[in-house]
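Let's take a look at this protein together. Which parts sit at the surface, and which are tucked away?

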Amino acid sequence: MTILDSIILGVIEGLTEFLPISSTGHLILASHFLGLEQTNAHKTFEVSIQLGSILAVLFLFKQKLLVNKTLWLKIIAAFLPTALFGFLFYKTIKSLFGIETVAIMLIVGGVIFLIIEYFRRDHDDSSDKSVDDLSIKESFMIGLFQTLSMIPGTSRSGATMIGGLFAGLSRKSAAEFSFLLAIPTMFVATAYDLFKNRNDLVIDDYSLLIIGFITAFLVAFATVKAMMKFLTTHTFISFGIYRIVVGILFLTVFGQ
């Protein structure tokens, strides 16, 4: 891997981590076109630069997280299902990884977004709940949706945003809670993966990791702000269509 490769992957991570389009799928596709082999060290690099994206969310929502103590209870309640499933089924989850699985889940998720938006076509988002209106029970339910993202290609953001819509949140609020829930989820998942694969990282990897980390932070910072603004006037339809197109691209590229 070169410095340019690290920057490219950092940009893709920052762009896709908080959009409902599967960062894992995009990193796999990008690595393929860059000629990077999916070794354990490379997979660990991809997981590690996610910390940059997490830091971006902390910066953007630090005031809300410091002031609203109840919000942390909701985030923890939503995180618990993923923590439990991840701990119990770590090896099983890893065995699910496969190009075909990623492609299928990209397409399935895209279709679900289109179906949801079809039934919400006359819906007024202004009447929906905000994150402050969420109950602990509803937060836990969104966390159950997040467990679906353990299937590669599902997209953690996509699953939690869909869960948020089912909980009665507006599109913007569903995205906001998804971003906040990423803090404990991605931090624990990244730390655990780094610990499990610590022997696969050689000393030369750390300079590239830092470059990817900083790039992911900067791009994620801009992406989250843009996404919040976008969802005030737009739906998830474009993301649904995009997922289907990328899923088909996966099947075309890797199915040869």
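Trp 72 counts as partly exposed, because its relative accessibility is 32%, and partly exposed covers values between 20% and 50%. Keep in mind that you're looking at a predicted model. Trp 72 belongs to helix H5, and together with Ile 76, Leu 80, Phe 140 and Leu 144 it makes a nonpolar surface patch of about 440 Å².

Which helices feed into that patch? Helix H5 (69–88) and helix H8 (136–147) each bring at least two residues, with H5 giving the most, at 3 residues. Here's a handy bit of background: an α-helix has 3.6 residues a turn, so residues three or four places apart point the same way.

Now for two serines with a positive phi, something noted here in residues other than glycine. Here they are side by side:

| Residue | Phi | Relative accessibility | Place |
|---|---|---|---|
| Ser 22 | near 75° | 2% | loop between helix H1 (3–16) and helix H2 (23–34) |
| Ser 155 | near 85° | 7% | loop between H8 and H9 |

Are these serines buried or exposed? Ser 22 counts as buried because its relative accessibility is just 2%, and Ser 155 counts as buried too, at 7%; the cut-off for buried is under 20%.

Move on along the chain and you reach helix H9 (residues 156–166), which is mostly covered. How many of its 11 residues are buried? The count is 10, and among them are Arg 156, Met 161, Ile 162 and Leu 165. H9 is followed by Gly 168, and the phi of Gly 168 is positive, near 95°.

Note on methods:
Residues are numbered from 1 along each chain as its sequence is written. This is a predicted model: local features need pLDDT of at least 70, side-chain atom pairs count only at pLDDT 80 or more; totals for chains, interfaces and linings use all residues. Side-chain values use heavy atoms; hydrogens and water are left out. Buried means under 20% relative accessible area, exposed over 50%, partly exposed in between (1.4 Å probe, protein chains only). Helices (H or I, at least four residues) and strands (E, at least two) are DSSP runs, numbered from the N terminus. Patches are made of residues with over 30% relative accessible area and no salt bridge: like charges are joined within 9 Å, nonpolar side chains (Val, Leu, Ile, Met, Phe, Trp, Tyr) within 5 Å. Accessible areas come from the Shrake-Rupley method with a 1.4 Å probe; for residues, only the protein chains shown count as cover. A salt bridge is a side-chain nitrogen of Lys or Arg within 4 Å of a carboxyl oxygen of Asp or Glu.
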